[in-house]
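Open the model in your viewer and keep the selection box handy. We will walk through a few stops together, one selection at a time.

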Amino acid sequence: MKIVYLRTFYNEKMTVKFYKYQGTGNDFIMIDNREGFFKNNTKLVNRLCDRKFGIGADGLILLENSEDPEDDFKMVYFNSDGNQSTMCGNGGRCLVRFAEFLKIVDKTAIFTAIDGKHHAKIEADKIHLQMQDVVEVKELGTDYFLDTGSPHHIVFTPEVHQLDVKKEGAAIRYNDVYKTEGTNVNFVEPQEGVLQVRTYERGVEDETLSCGTGVTAVAIASTYAKKYNTLPVKIETPGGNLEISFKQKGNQFTDVWLSGPAEQVFEGTILC
Ligand SMILES: N[C@@H](CCC[C@H](N)C(=O)O)C(=O)O
């Protein structure tokens, strides 16, 4: 097991305990940072997420104390490129499972992330996470764009399993429309009673096995575009199955919930 030492203010080495979680194959390094020893460090986060030189993960999440007394904790999310980013739905679900493991929460949780407040319900085999309301779905020709805490471009396509998601996703993520901020890109094939989804993630710059804010965006866009009409919306990703429910009033989507499994897969000590 590798151990990463962080240098303290006095340049002494200190070890860091980490945990690894996965939610439908979207995997995250978790660090309990309630004492604030882990300082934002792009290079270190990128190295820890590296699948050859580090632990390997799609992102790293710090569980911190929240300034809001209503909250159980705060979520700080980094993509595997080491940069702090916008909301991560699967990461949020995994973080709630981590908070349950740390005995911070029991049956329910409230936390603040970069996009605002989130409520969660905890079950043995599922975490249900409330996502932000969606107030606008943009139509871009036959494609769609919406923000579910993170930006998502949606492409409806036949034979989604045949697609080169890395190539096609990168072409949209780096195009002139998105060049500054970038976007995540979801490819969806509606089938009888289920949406098949594959996602190219910004900040990972590759396909991931699943993306929580992505499938939430897909569920809403598919309903908006009348390509799917039952609730909860059932999603299949390469990493597993998720469900999304919401209330719809015209183009407004409220009470949005993302549900699925989230589990601890190992723990270790960081060293470099
Ligand atoms: N995997 C995530 C999305 C993480 C954020 C994304 N890569 C971005 O930078 O927008 C999820 O489950 O939502």
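Start by selecting P232, which is found in the loop between α4 and β15 (233–237). Keep in mind as you look that this is a predicted model. Now add L231 to the selection and show the backbone: a cis peptide bond joins L231 and P232. If your viewer reports omega, expect a value of about -5° there.

Next, jump to T24. This residue sits in the loop between β2 (13–23) and β3 (26–32). Check its backbone angles: T24 is not a glycine, and yet its phi is positive, at about 45°.

Now for the ligand. Select it together with every residue within 4 Å. How many residues surround the ligand? You should find 16, and the closest are S85, G89, N184, G212 and T213. Colour this shell by residue class, and it divides into 4 nonpolar, 10 polar and 2 charged residues.

Where does the ligand lie relative to the two domains? Give domain 1 (15–129 + 262–271) one colour and domain 2 (138–259) another. Both domains give residues to the shell, so the ligand lies between them.

Zoom in on the backbone around the ligand and draw three distances:

- From G89, a polar backbone atom to an oxygen atom of the ligand: 2.7 Å.
- From R202, a polar backbone atom to a nitrogen atom of the ligand: 2.8 Å.
- From G212, a polar backbone atom to an oxygen atom of the ligand: 2.6 Å.

Then switch on a surface for the protein. On its own, the ligand has 360 Å² of accessible area, and the protein covers 100% of that. The space that the ligand takes is the largest cavity.

For the last stop, show the cartoon again and pick out β5 (73–79), α2 (89–101) and α4 (212–224). These are the elements that give two or more residues to the shell around the ligand. From α4 you can also return to the starting point, since the loop holding P232 lies between α4 and β15.

Notes. Residues are numbered from 1 along each chain as its sequence is written. This is a predicted model: local features need pLDDT of at least 70, side-chain atom pairs count only at pLDDT 80 or more; totals for chains, interfaces and linings use all residues. Side-chain values use heavy atoms; hydrogens and water are left out. A polar contact is a pair of N or O atoms within 3.5 Å; within protein, one must be able to donate a hydrogen and the other to accept it, and residues adjacent in sequence count only if both atoms are side-chain atoms. Accessible areas come from the Shrake-Rupley method with a 1.4 Å probe; for residues, only the protein chains shown count as cover. On a 1 Å grid over the protein atoms alone, a cavity is a set of points where a 1.4 Å probe fits but cannot get out, and a pocket is an open set with protein on both sides within 12 Å along at least five of seven lines; lining residues have an atom within 4 Å of a point. A molecule sits in a cavity or pocket if more than half of its atoms lie within 2 Å of its grid points. Helices (H or I, at least four residues) and strands (E, at least two) are DSSP runs, numbered from the N terminus. Ala, Val, Leu, Ile, Met, Phe, Trp, Tyr, Cys and Pro count as nonpolar, Asp, Glu, Lys and Arg as charged, and the others, Gly among them, as polar. Domain bounds come from an automatic or database domain assignment.
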